[in-house]
Amino acid sequence: SKKISIAIDGPAAAGKSTVAKKIAKDLGYTYIDTGAMYRALTLKALQNGISLEDEKALTKLLNEMTIELKPVNEGQQVLVNGEDVTAIIRSNEVTKHVSTVSKHPNVREEMVKRQKQLAGNGGVVMDGRDIGTHVLPNAELKIFLKASVEERAKRRYEENLRKGFTSDLTQLKKEIEERDKLDSTRATAPLKKAPDAVEIDTTSLTIEEVAELIKELVKERL
Ligand code: C5P
């Protein structure tokens, strides 16, 4: 049966990865989290004391680095040079700096090249910021997920609680706003809805409702 490519973009903490994982599982597609790749590079740059403004050094580091996204039950394991960095790339330290690393054109060029290879010939759900606009411009289905910043901060707060720690809601909101601002104002491939993307406001929807909506759109395209 035909397998399409699905691009999911949107601001931070809009539920992209949760929804993308669910859809991939339900359809038997491969889930590809492109944010994890930028996070992996950020982690290694921080560990190696590389300036996050040094585009040349960052690009060299990336070129010498393997990033594997391995499907594991319901999710994805992230390996850098064979080392499991799945948990640590979600740390506050990495989250705080990732938008600085991802603004560099030469870093993005290499990431997009790798992401296109990973996407192959379809049967993928890929999430990020520039998937519909740059990575998979020919994707049969493009989704732009959004939600109010209050709702997104609340979701991240609850997610952190489930992981076992409390966070400052106001601080979370500030960090999310700051990251969105950096991501949507950078010169190269900023966060932006593709003209042919379907926009879904998830503020008052559950994960299941969003996933159902998207699966209906998939059916129309098969
Ligand atoms: O999706 P996630 O929040 O893990 O992404 C982390 C960061 O990686 C984003 O804030 C953005 O700076 C960068 N990113 C990007 N392009 C993508 C995916 C992520 O610039 N396709």
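This is a tour of a predicted model, stop by stop, with a selection to make at each one.

**Stop 1: the annotated span**

Select residues 6-219. The UniProt record, an unreviewed entry, annotates this stretch as "domain: Cytidylate kinase". Helix makes up 51% of the span and strand 17%. Show the C-alpha atoms at its two ends: they lie 12 Å apart.

**Stop 2: the sheet of 5 strands**

Colour the strands by number and find the open sheet in which the order is 2-6-1-7-8. Its pairing is parallel. Which strands stand at the edges? They are strand 2 (30-33) and strand 8 (198-201). Each has a single partner strand, so one side of each is left without a neighbour in the sheet. Going from one strand to the next, the twist averages 20°.

Now select residues 5-9 and 141-146, which are strand 1 and strand 7. These two run parallel and are joined by 4 bridges. To see one bridge pair, pick A7 and its partner K142 in strand 7.

**Stop 3: helices on that sheet**

Add residues 34-47, helix 2, which packs on the sheet. Helix 2 touches strand 2 and strand 6 (124-128), and its direction makes about 40° with that of strand 2.

Next, add helix 5, residues 105-119. Helix 5 lies across strand 2 and strand 6, and runs at about 160° to strand 6.

**Stop 4: helix 2 with helix 3**

Keep helix 2 displayed and select residues 55-63, helix 3. The two axes come within 10 Å and cross at roughly 110°. Angles of 65 to 115 degrees count as roughly perpendicular, and helix 2 and helix 3 are therefore described that way. Helix 2 passes helix 3 in a right-handed crossing.

Show side chains for L41, K44 and A45 of helix 2, together with L58, L61 and L62 of helix 3; these residues make the contact. By class, the contact has 5 nonpolar residues, no polar ones and 1 charged.

**Stop 5: the sheet of 3 strands**

Move to the other open sheet, where the strand order is 3-4-5 and the pairing is antiparallel. The edges are strand 3 (67-72) and strand 5 (83-84). Each of these has a single partner strand, so one side of each is left without a neighbour in the sheet.

Select strand 4, residues 75-80, alongside strand 3: the two pair in the antiparallel sense over 6 bridges. Two residue pairs are worth labelling here. P71 has Q76 of strand 4 as its bridge partner, and L69 stands opposite V78 in strand 4.

Then look at the hairpin of strand 3 and strand 4, which has 2 residues between the strands. Which residue takes a positive phi in this hairpin? Select E74, with a phi near 70°.

**Stop 6: helix 7 with helix 8**

Select residues 149-163 for helix 7 and residues 169-185 for helix 8. They pack at an angle of about 120°, with their axes 9 Å apart. Helix 7 and helix 8 are therefore oblique to each other. The crossing of helix 7 past helix 8 is right-handed.

For the contact, show V149, E150, R152, A153, K154, R156, Y157 and N160 on the helix 7 side. On the helix 8 side, show L169, L172, K173, I176, E177, R179 and D180. The residues of this contact divide into 6 nonpolar, 1 polar and 8 charged.

**Stop 7: helix 1 with helix 9**

Finish with residues 16-27, helix 1, and residues 207-221, helix 9. Their axes come within 10 Å, crossing at roughly 55°. Helix 1 and helix 9 are therefore oblique to each other, and helix 1 passes helix 9 in a right-handed crossing.

Show T18, V19, K22, I23, D26 and L27 in helix 1. They meet I207, E208, V210, A211, I214, K215 and V218 in helix 9. How many residues of this contact are nonpolar? The division is 8 nonpolar, 1 polar and 4 charged.

Terms used
Residues are numbered from 1 along each chain as its sequence is written. This is a predicted model: local features need pLDDT of at least 70, side-chain atom pairs count only at pLDDT 80 or more; totals for chains, interfaces and linings use all residues. Side-chain values use heavy atoms; hydrogens and water are left out. Two strands pair if DSSP finds at least two bridges between them. Axes are lines fitted to C-alpha atoms, for helices over the stretch in contact, and angles run from 0 to 180 degrees between N-to-C directions. Contact means heavy atoms within 4.5 Å. Angles under 35 degrees count as roughly parallel, over 145 as roughly antiparallel, 65 to 115 as roughly perpendicular and the rest as oblique. A crossing is left-handed if the near helix is turned anticlockwise from the far one by less than a right angle, and right-handed if clockwise. Ala, Val, Leu, Ile, Met, Phe, Trp, Tyr, Cys and Pro count as nonpolar, Asp, Glu, Lys and Arg as charged, and the others, Gly among them, as polar. UniProt positions are given in the numbering used here, feature names are shortened, and annotations may be inferred rather than shown by experiment.
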